[in-house]
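Reader: I would like to learn how to read a two-chain model. Could you take me through it feature by feature?

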Amino acid sequence: MSVVRVPPVLRAEAGGAREVEANGATVRELLEDLTGRMPALGSRVYGEGEIRSFVNVYVDGEDVRTRDGLDTPVRDSSTIILLPAMAGGGR
Amino acid sequence: MTTYRELLSQTKAEISELDARGAQALDGAAWIDVREADEWQEGHLPGAVHIPRGFLESRIETAVPDKTQPVVLYCASAARSAFAAKALQDLGYESVHSLAGGFTDWKRNGLEIVMPRFLSPEKRTRYSRHLLIPEIGEAGQLKLLESRVLLIGAGGLGSPASLYLAAAGVGTLGIIDADIVDETNLQRQIAHSLDTLGTPKVDSAKRTINALNPDVDVITYRERLTSENIDRILDDGWDLIVDGADNFPTRYLVNDASVWRNIPVVHGSIYRFEGQVTVFKPHDGPCYRCLFPQPPPPELAPSCSEGGVLGVLPGIVGSLQTNEAIKLAAEIGDPLVGRLLLFDALSTEFNEVRIERNPDCPVCGDHPTITEYIDYVEFCAR
């Protein structure tokens with residue numbers, strides 16, 4: 001099981017969790033597994049076989065789009081960061 | 001008994017004196033100004049090293065270790081430099097010359113002089129803790145004093161950033177913000193206070209900065225950044241931008257303009273307990289659109305009604321932005337280029353992810369498709 005960090009803007013979809021676990025040897029498998037367990041969260045990040053364009057996915061600090069995309073390997077010890085854009089400046 | 005005049009003429013007979021043209025013809029000469037500090041500060045020859053006459057013997061071997069290197073010494077009118085030349089000959093320097101007529105004739109003949117840049121005694125005191133750091137020192141402090149930093153927003157991030165930049169002696173601060181100070185701001189926006197409730201944030205911030213450091217010239221823009229005004233504001237000339245905007249349309253405007261104008265942006269954003277910081281340095285690293293090519297749809301943007309922010313979080317994130325801004329202005333250290341720093345205040349954790357320039361980026365990529373400003377509709381007003 002790998003650790004997936006849930007960004008604050010998506011925590012409502014994860015039942016308030018800051019981290020969830022998901023299984024998979026690749027990013028695709030992991031996101032499919034995540035979507036099966038937590039459809040609300042998964043569908044915000046992954047849909048129609050693609051990572052949503054407004055979200056970046058990092059495996060161990062590397063953007064998967066700069067590696068092998070959905071085929072990027074994931075290890076059990078990996079940490080996955082889901083990162084949608086944030087705009088706030090604390091007005 | 002020998003008089004001063006006799007001693008001077010005896011000494012001049014024992015040394016070489018060259019006029020400006022002769023001295024300039026020497027190949028690879030070290031030029032040493034032996035006058036006092038107050039004379040040096042009123043102008044000196046280009047490329048000269050300042051060693052007051054009283055320190056000449058003790059410092060010359062550090063300044064000119066090779067005793068075969070030609071040395072040109074000058075003072076105001078070639079008296080002190082004559083005695084200095086004699087001293088250097090006695091120390092074994094093989095090619096020592098005193099500049100005939102000294103600085104006075106040089107200047108009178110219209111030859112080039114340099115006005116040294118230096119800190120006044122008041123500034124030396126104010127910035128003494130910077131001057132003590134070798135990486136900053138007087139040269140770095142002068143860079144800070146000459147730098148011009150534009151702050152987008154005088155809110156949560158802009159408050160600490162503006163105060164620390166002002167305290168650090170950043171010479172010119174521009175502040176853009178259209179808002180008025182209200183009670184809900186005071187939980188985190190430390191540039192404002194009860195005294196400035198109901199006044200424009202830019203004026204409130206300016207007042208706080210002036211009270212902290214009158215060296216800082218504050219230029220205020222009480223307006224919301226749009227495609228209509230961004231060029232006018234950027235035409236005022238900024239070395240870098242500290243982006244503490246609270247909305248996506250402004251983030252994208254700032255990004256696109258900064259890429260086209262080659263201005264580094266220190267980016268910070270916050271939400272509840274979490275913040276992000278990075279430096280977008282055009283063409284050296286990614287830009288905001290490499291990271292997020294376009295704004296998210298409303299359902300993925302932080303919901304305003306669910307928003308909120310821990311009051312100290314912008315203090316931390318805005319200070320991290322200031323750290324990057326000061327490093328860029330003083331040209332020291334490794335800026336957060338190509339690295340996105342993530343801070344979680346609840347777990348007190350920092351994480352870093354690598355962000356890369358995208359060759360297909362619509363703005364900074366190899367074949368840009370966005371070449372003019374886009375005013376995105378703001379879907380989250382507050």
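Author: We will go through confidence, the two chains, their contact, a helix and the cores.

Author: This is a predicted model, in which local features need pLDDT of at least 70 and side-chain atom pairs count only at pLDDT 80 or more, while totals for chains, interfaces and linings use all residues. Residues are numbered from 1 along each chain as its sequence is written, and chains are lettered from A and ligands numbered from 1 in the order in which they are written.

Reader: What pLDDT does chain B average?

Author: The pLDDT is the predictor's confidence in each residue, from 0 to 100. Chain B averages 94, and 97% of its residues score at least 70. For the complex, the predictor gives an ipTM of 0.92 and a pTM of 0.79.

Reader: How many helices and strands does chain A have?

Author: Helices (H or I, at least four residues) and strands (E, at least two) are DSSP runs, numbered from the N terminus. Chain A has two helices and seven strands, in the order β-β-α-α-β-β-β-β-β from the N terminus on. Chain B has 15 helices and 13 strands.

Reader: What does the radius of gyration of each chain look like beside that of a compact globule?

Author: The radius is taken over C-alpha atoms, and the globule rule is 2.2 Å times the number of residues to the power 0.38. Chain A, with 91 residues, has 12 Å, which agrees with the value near 12 Å for a compact globule. For the 382 residues of chain B the rule gives a value near 21 Å, but chain B has 28 Å. The C-alpha trace of chain B spans about 95 × 50 × 40 Å along its principal axes; that of chain A spans about 40 × 25 × 25 Å.

Reader: How many residues does each chain bring to the contact?

Author: Two residues are in contact if their C-beta atoms, placed from the backbone, lie within 7 Å. Here 36 residues come from chain B and 20 residues from chain A. On the side of chain B that touches chain A, the elements giving two or more residues are helix 13 (248-261), strand 10 (265-271), strand 11 (274-280) and strand 13 (349-354). Strand 13 of chain B has the largest share, four residues.

Reader: Which residues of helix 9 of chain B are buried?

Author: A residue is buried if 20 or more other C-beta atoms lie within 10 Å of its own, exposed if 12 or fewer, and partly exposed in between, with C-beta atoms placed from the backbone. In helix 9 (residues 137-146) of chain B, the buried ones are B:Gly140, B:Gln141, B:Lys143 and B:Leu144. These lie on the same side of helix 9 of chain B because they cover an arc of only 155° around the axis, taken from the directions from the helix axis to the C-beta atoms. Their cover includes helix 8 (128-131), helix 10 (158-168) and helix 15 (313-330) of chain B.

Reader: Which residues touch the most other members of the largest nonpolar core?

Author: In soluble globular proteins, nonpolar side chains tend to be buried together. A nonpolar core is a set of buried Ala, Val, Leu, Ile, Met, Phe, Trp, Tyr and Cys residues joined through C-beta atoms within 7 Å. In the largest one, of 91 residues, they are B:Val149, B:Leu151 and B:Leu173. Helix 15 of chain B gives this core its largest share, eight residues. A second, separate core of 24 residues includes B:Ala23, B:Leu45, B:Val64 and B:Tyr74.
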